[in-house]
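Open the model in your viewer and keep the sequence panel visible. The stops below say what to select and what is there.

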Amino acid sequence: MTQPPEPLFSQEEIPMETERLAIGELGRMLKERRGSLSIRKAAADAGVSFSTWSRVEAGSQPDLATFTRLCTWLGVSPARFFNPVSERETSPLDQAISHLRTDPRLTAENSAKISSVLRDMYEALARDVVPARPPVACHLRATSVMRPGVPQRLAGILNDMHDELVRQIEIGEL
């Protein structure tokens, strides 16, 4: 009896959504481009069924073949309807482990063993990197109500203070 294949990602590693299809915009553009044409005529011209056209125009998500036909009929690239969401940052370790899991020469058990060794080595050898940050960060909300010239003079003083703090950090006094 064969074992079911191991999932490509563990529950914690499921990739975040990186793009979202702008279905509403597709429906709006179809309705706009169709103009006074009947839905039946426009659907026939695009090579899709009347009911599919009607559903997509109302906001339903089409299948891939229908989506590409409608984009062709509209004369726009399918990429136009993909809106970026947020991307998940992937560490070099996660990338390496992902490659191991998809390597057809390794069994799921062997890739898990190598992944475990890599994680252990990485945790033992990787050092924490302290992000570089300025010694002073300041945001002045009140500059709009200050007398003319004061924000510029204040900015000069703050820049001088910042430069001195950086100098003292570099020579080890702070």
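The tour goes from the whole chain to selected side-chain pairs, then to a helix pair and a helix end.

**Ground rules**

This is a predicted model, in which local features need pLDDT of at least 70 and side-chain atom pairs count only at pLDDT 80 or more, while totals for chains, interfaces and linings use all residues. Residues are numbered from 1 along each chain as its sequence is written, and side-chain values use heavy atoms, with hydrogens and water left out.

**Whole chain**

Colour the protein chain by secondary structure: it has 7 helices and 2 strands. These are DSSP runs numbered from the N terminus, with helices being H or I over at least four residues and strands being E over at least two. Read from the N terminus, the order is β-α-α-α-α-β-α-α-α. Of the 174 residues, 19% count as buried (under 20% relative accessible area; exposed is over 50% and partly exposed lies in between, with a 1.4 Å probe and protein chains only).

**Salt bridges**

Side chains of opposite charge can pair when their charged atoms come close. The term salt bridge here requires a side-chain nitrogen of Lys or Arg within 4 Å of a carboxyl oxygen of Asp or Glu. The whole structure contains 8 of them; three stops follow.

Select R80 and E25. Their closest N and O atoms are 2.1 Å apart, in a salt bridge. R80 sits in the loop between α4 (64-74) and β2 (82-84) and E25 in helix α1 (residues 23-34), so the pair ties together parts 55 residues apart in sequence. R80 is partly exposed because its relative accessibility is 40%; E25, at 23%, is also partly exposed.

Next, select E57 and R34, whose side chains form a salt bridge at 3.0 Å, N to O. E57 belongs to helix α3 (residues 50-57) and R34 to helix α1, so this pair ties together parts 23 residues apart in sequence. Are E57 and R34 buried or exposed? Both are buried, and R34 counts as such because its relative accessibility is 14%. Stay on R34 and add L74: their C-alpha atoms are separated by 9.2 Å, although the two residues are 40 apart along the chain.

Now select D94 and R119, which meet in a salt bridge at 3.9 Å, N to O. This pair links distant parts of the chain, D94 being in helix α5 and R119 in helix α6, 25 residues apart. D94 is partly exposed at 23% relative accessibility, and R119 is partly exposed at 28%.

**The α5 and α6 pair**

Show α5 and α6 as cartoons. Their axes come within 9 Å and cross at roughly 165° (axes are lines fitted to C-alpha atoms, for helices over the stretch in contact, and angles run from 0 to 180 degrees between N-to-C directions). The two helices are therefore roughly antiparallel (an angle over 145 degrees).

Between α5 (92-102) and α6 (108-125), pick D103 in the loop. D103 counts as buried because its relative accessible area is 18%. Its side chain reaches the backbone nitrogen of R105 at 2.8 Å.

**Helix α7**

Finish by selecting residues 150-170, helix α7. How far apart are the end C-alpha atoms of α7? They are 30 Å apart, which agrees with the span expected for 21 residues at 1.5 Å a residue (1.5 Å times one less than the number of residues). Just after α7, check the backbone of G172, where phi is positive, at about 90°.

Conventions:
Polar contact = N/O pair within 3.5 Å; in protein donor to acceptor, adjacent residues only side chain to side chain. Parallel < 35°, antiparallel > 145°, perpendicular 65-115°, else oblique.
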